[in-house]
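Hello,

Here is the structure we talked about. Please open it first, then read on with it beside you.

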Amino acid sequence: MAIRTIREYGDEVLEKPCKVVKLMTPGLSVLIDDMFETMYEANGVGLAAPQVGVLKRVCVIDVTGEDPYVFINPEILETDGEQEGYEGCLSLPGKSGIVKRPNHVKVRALDRRMQPFELEADELLARAICHETDHLDGKMYVELVEGELVNNEDLEKEQEGTEES
Ligand code: NI
């Protein structure tokens with residue numbers, strides 16, 4: 001496994017739609033391992049393939065540090081409710097902004113064995129799924145921020161801190 005370079009906001013690879021994955025390959029399996037390692041090393045809760053320069057519909061999420069999920073070709077089937085809170089991104093380190101997201105999502109994807117699964121998620125996991133699937137469409141959360149981006153250092157007194165994905 002290897003740590004990959006995380007592309008930063010402004011890099012055009014983050015603005016492009018990603019391609020559907022049709023086949024698991026040894027290279028894609030290594031990519032998934034590297035994405036987990038890169039995400040954990042950066043203390044993030046999610047990472048999408050374009051953030052490491054690969055335009056494929058693959059993302060990894062782990063909001064607790066003990067619940068790793070791989071989503072290949074994820075599709076959000078249903079959303080419900082609303083949550084509003086600070087959101088960050090490993091491609092824009094040290095910054096956060098307030099984003100409204102559904103509080104509940106139902107997602108369908110393939111796992112790393114290319115087997116389909118469905119997952120219902122709430123709160124932070126729902127937020128991370130929305131954030132990462134947006135990356136696969138070339139969208140960054142900054143488009144959705146209400147008000148200004150803030151420095152995480154300025155937020156620390158207000159709350160526990162924010163998660164980056
Ligand atoms: Ni992100």
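Arginine 7 is partly exposed, because its relative accessibility is 30% and the partly exposed class runs between 20% and 50%. Keep in mind that this is a predicted model. The side chain of arginine 7 meets that of aspartate 11 in a salt bridge, at 3.1 Å from N to O. Aspartate 11 has a relative accessibility of 23%, so aspartate 11 counts as partly exposed too.

**Salt bridges**

The count of salt bridges comes to 15. Another one of them joins the side chains of arginine 112 and aspartate 33, again with 3.1 Å from N to O. Look at where the two partners sit. Arginine 112 is in the loop between strand 6 (104–110) and strand 7 (116–122), while aspartate 33 is in helix 1. The pair therefore ties together parts that lie 79 residues apart in sequence. Arginine 112 is partly exposed, at 30% relative accessibility. Aspartate 33 is partly exposed as well, at 26%.

Next, find glutamate 118 and arginine 108. They form a salt bridge whose closest N and O atoms are 3.9 Å apart. Glutamate 118 belongs to strand 7 and arginine 108 to strand 6, so to speak two distant parts of the chain, 10 residues apart. Glutamate 118 has a relative accessible area of 45%, so this residue is partly exposed. Arginine 108 is partly exposed at 35%.

Which residues are linked in a network of salt bridges? They are Glu75, Glu78, Lys106, Arg108 and Glu118.

**Aromatic pairs**

There are 3 aromatic pairs by count. In one of them, tyrosine 69 and phenylalanine 71 are tilted, with 5.8 Å from centre to centre and 35° between the planes. Is tyrosine 69 buried or partly exposed? Tyrosine 69 is partly exposed, because its relative accessible area is 24%. Phenylalanine 71 is buried, at 1% relative accessibility.

Phenylalanine 71 also pairs with phenylalanine 117. Their ring centres are 5.7 Å apart and their planes meet at 40°, so this pair is tilted. Phenylalanine 71 lies in strand 3 and phenylalanine 117 in strand 7. The pair therefore ties together parts that are 46 residues apart in sequence. Tyr69, Phe71 and Phe117 make up one aromatic cluster.

**The nonpolar cores**

In soluble globular proteins, nonpolar side chains tend to be buried together. Here, the largest nonpolar core has 19 residues. Leu31, Ile32, Met35, Leu47, Val58, Val60 and Ile72 touch the most other members. Which elements give two or more residues to this core? They are helix 1 (26–41), strand 2 (58–61) and strand 3 (69–80). Helix 1 gives the most, with 6 residues.

Zoom in on leucine 31. Leaving out residues up to four places away in sequence, leucine 31 touches Arg4, Ala49, Val52 and Val54. There is also a second, separate core of 16 residues. Cys59, Val107, Ala128 and Ile129 are among its members.

**Helix 2**

Helix 2 covers residues 123–136, which makes 14 residues. From first C-alpha to last, helix 2 reaches 20 Å. That is close to the 20 Å expected at 1.5 Å a residue. How many of its residues are buried? The number is 12 of 14, so to the eye helix 2 should look mostly covered. The buried ones include Ala128 and Ile129, both of which are also in the second core. Charged residues are on the buried list too, including Arg127, Glu132 and Asp134. After helix 2 comes glycine 138, with a positive phi near 75°.

**Serine 96**

Finish with serine 96, in strand 5 (residues 95–101). Serine 96 is buried, because its relative accessible area is 0% and the buried class is under 20%. Its side chain still has a polar partner: a polar contact of 2.4 Å joins the side chains of serine 96 and asparagine 152.

Best wishes

Notes: Residues are numbered from 1 along each chain as its sequence is written. This is a predicted model: local features need pLDDT of at least 70, side-chain atom pairs count only at pLDDT 80 or more; totals for chains, interfaces and linings use all residues. Side-chain values use heavy atoms; hydrogens and water are left out. Helices (H or I, at least four residues) and strands (E, at least two) are DSSP runs, numbered from the N terminus. Buried means under 20% relative accessible area, exposed over 50%, partly exposed in between (1.4 Å probe, protein chains only). A polar contact is a pair of N or O atoms within 3.5 Å; within protein, one must be able to donate a hydrogen and the other to accept it, and residues adjacent in sequence count only if both atoms are side-chain atoms. The expected span of a helix is 1.5 Å times one less than its number of residues. A nonpolar core is a set of buried Ala, Val, Leu, Ile, Met, Phe, Trp, Tyr and Cys residues joined through side-chain atoms within 4.5 Å. Contact means heavy atoms within 4.5 Å. A salt bridge is a side-chain nitrogen of Lys or Arg within 4 Å of a carboxyl oxygen of Asp or Glu. Rings of Phe, Tyr and Trp (its six-membered ring) pair if their centres lie within 6.5 Å; planes under 30 degrees apart count as stacked, over 60 as edge-to-face and the rest as tilted.
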